[in-house]
Structure formats: C-alpha cells, structure tokens
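Me: I would like a close look at one part of this model. Please keep to what can be read from the structure.

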Amino acid sequence: MFYGEETAVSEQGYVPYGWQFKAECVSIPSRRGKTRSYFGLLSRDNRLRYQAFSHAVTTADVIDCLDRLAADQAKPTVVVLDNASIHTSRRFRACLEAWQQRNLYIFYLPPYSPHYNIIERFWKELKEGWLRPQDYATADSLFYAVNRAFAAVGREFRLQFSPFQLKV
C-alpha cells in the first residue's frame, strides 16, 4: 500500500511558526525564486517513490507515475489518494480499469481528511525538520537538500506510524 500526494518546495522558504529569544536574530531569506514540484508515494514501511517536476504536477504526471508503479509491482497494490481534481479527472478515471487489470487499485480518501494520508506527515517532516534554514540559500542547495533527504528515507530518516486497529 502506498499513500500518494503532491507538494512543492520553493526558495520562498517554509516557516509555519517559530520563536526566538529577544536578542536573537533568526531568519530565512524570503524571495521569489525557483520552485520544484513533487509527486510522491510513501508506504508505511518508509519506502518512497517520487518524481520531481519543474512545473505544477498534472494529471498526466500522476498517470505516468502510477503506470510505472503498476509495471514494477508483482503483487496487488493499493494507492491511497485524496480527491484532488488531478486524481479524479476524466482522463485519470479512464486509467482505473487498466490499472486494476495490472493489480493496482486506487482508494480515495473521504473529502477533507488529509490526516488519513501519511505522506502529508512526510511532507511536513521534510519541510519543517529535514530541510535546514541554510538549505534555502540557493535553489541548487535547496533541491540538493531535498534529494539528500529523499535518499535518506528509510535509513537515516524514518517516520514511525502507529498501527491502526479496527475494533469490531
């Protein structure tokens, strides 16, 4: 099972909140700069598949990523997605039957429930914890740091997910 979602990383920086001592100066330079978009697939055992794009992720990009996943998987695989328009477009839905024939199944989350999609937590950890303020100095250093973090997933960087237990 994989959880899929898109995100973008840009030179503008990511500052959800912060604090500092009165005499301390902490900053991340903010500028309009380069942005790189990603479509990622993450499993509960920290297997990450991703594709980087220099443009916003499109339906065609997601279809291509899922086609490659279907070709690589030997056993039935479920991909959990939200209801974003690129996941529910006519073109995307036209691929569902072909994917099912290749043992790839799409499961849609209920609307407004990003907390069920574990890759959302991964994107948050990437932006809040794994990327350092100095990584935002240049576009090259930022995208290198993102690639470094992706390469470390499952080894240096691991997300721990509590098992879901359904009581019947």
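In which loop does E11 lie? Please describe that part and what surrounds it.

Reply: E11 lies in the loop between β1 (2-10) and β2 (35-42). The model is a predicted one, so everything below is computed from predicted coordinates.

First, the residue itself. E11 has a relative accessible area of 8%, so it counts as buried. Its side chain has two polar contacts to backbone nitrogens. In one, a polar atom of the E11 side chain lies 2.7 Å from the backbone nitrogen of K34. In the other, the E11 side chain reaches the backbone nitrogen of A139 at 3.2 Å. A139 belongs to helix α6, which covers residues 139-152.

A second acidic residue, D135, can be described along with E11. The C-alpha atoms of D135 and E11 are 9.2 Å apart in space, although 124 residues separate the two in sequence. D135 sits in the loop between α5 and α6. With a relative accessible area of 3%, D135 is buried. The D135 side chain also reaches a backbone nitrogen, that of R132, at 2.8 Å. Beyond its neighbours within four places in sequence, D135 is in contact with W130, S141, L142, A145 and R148.

Next, the strands on either side of the E11 loop. β1 and β2 run antiparallel and are joined by eight bridges. One residue pair in this ladder is T7 with its bridge partner Y38 in β2. On to β3: six bridges join β2 to β3, and these two strands are antiparallel as well. L42 is paired in this way with L48 of β3. The hairpin of β2 and β3 has five residues between the strands, and N46 takes a positive phi near 65° there. Six of the eight residues of β2 are buried, which means that this strand is largely enclosed by the rest of the structure.

The same strands and helices supply the nonpolar packing. The largest nonpolar core has 23 residues, of which F122, L126, L131 and F150 touch the most other members. β1, β2, α5 (118-130) and α6 each supply at least two residues of this core. The helix α6 gives the most, with seven residues. As for L126, leaving aside neighbours within four places in sequence, its contacts are V9, L131, A149 and F150. There is also a second, separate core of 21 residues, with F2, F53, F92 and Y108 among its members.

The aromatic residues give another view of the packing. Eight aromatic pairs are counted. In one of them, Y50 and F150 have ring centres 4.2 Å apart and planes at 55°; an angle between 30 and 60 degrees makes the pair tilted. This pair joins distant parts of the chain, since Y50 is in strand β3 (residues 48-53) and F150 is in helix α6, 100 residues apart. The two partners differ in exposure: Y50 is partly exposed at 34% relative accessibility, whereas F150 is buried at 4%. Another pair is F122 with W130, whose ring centres are 5.5 Å apart and whose planes meet at 65°, so this pair is edge-to-face. Here F122 is buried at 0% relative accessibility, and W130 is buried at 13%. Ring pairs link these four residues with Y38 and W123 into a cluster made up of Y38, Y50, F122, W123, W130 and F150. Two residues named earlier recur in this cluster: Y38 is the bridge partner of T7, and W130 is in contact with D135. Separately, R36 lies over the face of F143, at 4.1 Å from the ring centre.

Finally, the setting in the whole chain. The protein has six helices and five strands, and along the sequence they follow the pattern β-β-β-α-β-α-α-α-β-α-α. Of its 168 residues, 40% count as buried. Among contacts with a separation of 6 or more, 70% are between residues 24 or more positions apart.

To return to the request: E11 is a buried residue in the loop between β1 and β2, with its side chain reaching the backbone nitrogen of A139 and a polar atom of that side chain 2.7 Å from the backbone nitrogen of K34.

Notes: Residues numbered from 1 in each chain as written. Predicted model: local features only at pLDDT ≥ 70, side-chain atom pairs only at ≥ 80, totals over all residues. Heavy atoms only, no water. Phe/Tyr/Trp six-rings, centres within 6.5 Å; stacked < 30°, edge-to-face > 60°. Helix = DSSP H or I, 4+ residues; strand = E, 2+ residues; numbered from the N terminus. Buried < 20%, exposed > 50% of the residue type's maximum accessible area, 1.4 Å probe, protein only. Lys NZ or Arg CZ within 6 Å of the ring centre and 35° of its normal. Polar contact = N/O pair within 3.5 Å; in protein donor to acceptor, adjacent residues only side chain to side chain. Core = buried A, V, L, I, M, F, W, Y, C linked by side-chain atoms within 4.5 Å. Contact = heavy atoms within 4.5 Å. Pairing = 2+ DSSP bridges.
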